[in-house]
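Reader: Hey, I've got a structure open and no idea where to start. Can you walk me through it?

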Amino acid sequence: MIGRSAISAIAFTRLQRFGGQVLYVAAAAALFAALQMHSDLGAHALGAALFGSLAGMYFALAQRGGRMRELELCEQAAPMYAREVARAIALVPSLGVIIALAGYWIVTEISSGPRALATAPVFLSMACACAVSVVALCATVRAGVWQAVYILLAAVVATIIVMLEYPQLPAAFLFCGIAGFIGLRQYGEALARWDPA
């Protein structure tokens, strides 16, 4: 119970700090969807997956780097395991991209007119963005070449998911789950070894 309340407190506090940026990214996603007004559903799915992946990388990289130094000190002093802190921090970019892509798909639904919007591209774009943001979080506790490697790895994950989307939708969902799980495990282990000093 204590772990769950601490995880929700960390995630809520960080999300509250990034509330303005989440709204800006959601507005940009809605504008991007409005610019694609006359596109077909496949173009919307591709646009949402790529925009959500970029937004997820942005939100993930914004979690560290001295922007929230006092929160990081409180999190390190809390009697929590690194995997619990990793889960809490991973919730923030994931919720941010879900909010942004919800704005994208709402505008797409409004502008699409009478045609029905399929739910699979909506959920796949959100799953893709969440998996990419979790993999990009691993770059926040590394420096130099390894930081660039994890950013590149997040971009490769997004590319693979987009390539898997059209021929094999279940494989794309499965790859999202595997990439997100491995990324979260790596982030938790790196966070346990990470010494900010």
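Author: Sure, let's chat through the pocket, a charged pair and some surface residues. Keep in mind that this is a predicted model.

Reader: Okay, pockets first. How much space lies in the largest pocket?

Author: About 220 Å³.

Reader: And which residues line the largest pocket?

Author: The lining is Ala82, Arg83, Ala86, Arg87, Phe181, Leu184, Arg185, Gly188, Glu189 and Ala192. By class, that lining has five nonpolar, one polar and four charged residues.

Reader: Which helix gives the most to that lining?

Author: H8 does, with six residues. Helix H5, which covers 82-112, and H8 each supply at least two residues of the lining.

Reader: Switching topic: how many salt bridges does a search of the whole structure find?

Author: One. Glu189 pairs with Arg185 in a salt bridge, and their closest N and O atoms are 3.8 Å apart.

Reader: Why does 3.8 Å count as a salt bridge?

Author: Because the cut-off is a side-chain nitrogen of Lys or Arg within 4 Å of a carboxyl oxygen of Asp or Glu, and here the closest N and O atoms are 3.8 Å apart. In general, side chains of opposite charge can pair when their charged atoms come close.

Reader: Where do Glu189 and Arg185 lie?

Author: Both are in helix H8, four residues apart, which is about one turn of the helix. Glu189 and Arg185 are also both in the lining of the largest pocket.

Reader: Why is Glu189 called partly exposed?

Author: Its relative accessible area is 35%, and partly exposed means between the 20% and 50% cut-offs. Arg185 counts as partly exposed too, at 48%.

Reader: What about nonpolar stuff on the surface, which residues make a patch?

Author: Leu174, Ile178, Phe181 and Ile182 make a nonpolar surface patch of about 410 Å². Phe181 also turns up in the lining of the largest pocket.

Reader: Is Leu174 buried or exposed?

Author: Leu174 is exposed, because its relative accessible area is 55% and exposed means over 50%. Leu174 sits in helix H8.

Reader: And where's Pro170?

Author: Pro170 is in helix H8, which spans residues 169-193. Pro170 is exposed as well, at 63%. Pro170 and Leu124 are 46 residues apart in sequence, and their C-alpha atoms are 9.6 Å apart in space.

Reader: Last one: how far apart are Leu23 and Ile99?

Author: In sequence, 76 residues; in space, 8.2 Å from C-alpha to C-alpha. Leu23 belongs to helix H2, residues 19-35, and counts as exposed at 58% relative accessibility.

Key:
Residues numbered from 1 in each chain as written. Predicted model: local features only at pLDDT ≥ 70, side-chain atom pairs only at ≥ 80, totals over all residues. Heavy atoms only, no water. Buried < 20%, exposed > 50% of the residue type's maximum accessible area, 1.4 Å probe, protein only. Patch = residues over 30% accessible without salt bridge, like charges linked within 9 Å, V, L, I, M, F, W, Y side chains within 5 Å. Areas by Shrake-Rupley, 256 points an atom, 1.4 Å probe, with all protein chains shown as cover. 1 Å grid on protein atoms, 1.4 Å probe; cavity = no way out; pocket = protein on both sides within 12 Å on 5 of 7 lines; lining within 4 Å. Points joined across faces, edges and corners; volume = space filled by probe spheres on them. Nonpolar A, V, L, I, M, F, W, Y, C, P; charged D, E, K, R; others polar.
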